[in-house]
Amino acid sequence: MIDVLVLAAQLAGASPLPMPPQDWSVLRPLPLMRSADDSPNLSGFVRAEVKAGRCTAAIAAAQGWTLRIDLAVLVGPGAQPRRVVPRAIACPSVEQYAAGLVSSLARGNIAAAATDPDTWYRTSLTFSWPA
């Protein structure tokens, strides 16, 4: 999949944003000041993708379904997200949806005192819905 931001930066002659390291376990957790709203509305899109058969990464349990996705976030100056990279789970639409959610959640919500500019951090989202 072509990263549109990287391609645009290359066409403009700018340096592309770096990629996260291969080993995400070395990344510190993203220090958010407020956690994500655990609203069922956030899981609706993921549920629809699973139901339509476009995503098989969800796990069924007695209480319902869950799907967890890990993401790496490049924090720039002013503790603002510069880039969000989802770990591939063979569900591109869900990966991009999660990246967009984390990007929105992180804007103005990263503890500046706990971050270093131009550093990668890790976070995750877990989507869940009843069976």
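## Buried or exposed?

A residue counts as buried when its relative accessible area is under 20%, as exposed when that area is over 50%, and as partly exposed in between. Keep those cut-offs in mind as we walk through this structure, which is a predicted model.

Let's try them out on Arg83, a residue of strand β4 (residues 81–86). Its relative accessibility is 7%, so Arg83 counts as buried. What lies 3.1 Å from a polar atom of the Arg83 side chain? The partner is the backbone oxygen of Leu17. Arg83 can also be placed relative to Ala72: the two are 11 residues apart along the chain, and their C-alpha atoms are separated by 8.2 Å.

## Aromatic rings that pair up

How many aromatic pairs does a search of the whole structure find? There are three. In one of them, the ring centres of Phe45 and Tyr97 are 4.8 Å apart and the planes meet at 40°, so this pair is tilted. Phe45 belongs to helix α2 (residues 40–51) and Tyr97 to helix α3 (residues 92–106), so to speak two distant parts of the chain, 52 residues apart, that the pair links. Phe45 has a relative accessibility of 32% and counts as partly exposed; Tyr97, at 22%, is partly exposed as well. These two residues join Phe127 in one aromatic cluster.

Now look at Trp65 and Trp129. Their ring centres lie 6.5 Å apart with planes at 10°, and for that reason the pair is stacked. Here too the pair links distant parts of the chain: Trp65 sits in strand β3 (residues 64–75) and Trp129 in strand β5 (residues 119–129), 64 residues apart. Is each ring's residue buried or partly exposed? Trp65 is partly exposed, with a relative accessible area of 30%, whereas Trp129 is buried, at 8%.

One more ring is worth finding on the screen. Arg87 lies over the face of Trp24, 4.0 Å from the ring centre.

## The nonpolar cores

The largest nonpolar core has 23 residues. Which of them have the most contacts inside it? They are Val46, Leu67, Ile69, Leu71, Leu125 and Phe127. The elements α2, β3, α3 and β5 each supply at least two residues of this core. You have already met Phe127, as a member of the aromatic cluster with Phe45 and Tyr97.

Leu71 is a good residue to click on. Setting aside neighbours within four places in sequence, its contacts include Trp24, Val84, Ala98, Val102, Tyr121 and Leu125. There is also a second, separate core of six residues, with Leu27, Ala72, Leu74 and Val85 among them.

## A closer look at helix α3

Helix α3 has 15 residues and reaches 21 Å from its first C-alpha to its last, close to the 21 Å expected at 1.5 Å a residue. Which of its residues are buried? The list is Val94, Glu95, Ala98, Ala99, Val102, Ser103 and Ala106.

As you read that list, try following the numbers around the helix. An α-helix has 3.6 residues a turn, so residues three or four places apart point the same way. The buried residues of α3 pack against α2, β3, β4 and β5.

## Positive phi angles

Where does a positive phi turn up just after α3? Gly108 has that position, with a phi of about 70°.

Two residues other than glycine also have a positive phi. Ala90, in the loop between β4 and α3, has a phi near 65°. Its relative accessibility is 64%, so Ala90 counts as exposed. Asp118, in the loop between α3 and β5, has a phi of about 60°. Its relative accessible area is 47%, and therefore Asp118 is partly exposed.

Methods. Residues numbered from 1 in each chain as written. Predicted model: local features only at pLDDT ≥ 70, side-chain atom pairs only at ≥ 80, totals over all residues. Heavy atoms only, no water. Phe/Tyr/Trp six-rings, centres within 6.5 Å; stacked < 30°, edge-to-face > 60°. Helix = DSSP H or I, 4+ residues; strand = E, 2+ residues; numbered from the N terminus. Buried < 20%, exposed > 50% of the residue type's maximum accessible area, 1.4 Å probe, protein only. Lys NZ or Arg CZ within 6 Å of the ring centre and 35° of its normal. Polar contact = N/O pair within 3.5 Å; in protein donor to acceptor, adjacent residues only side chain to side chain. Core = buried A, V, L, I, M, F, W, Y, C linked by side-chain atoms within 4.5 Å. Contact = heavy atoms within 4.5 Å. Expected span 1.5 Å × (residues − 1).
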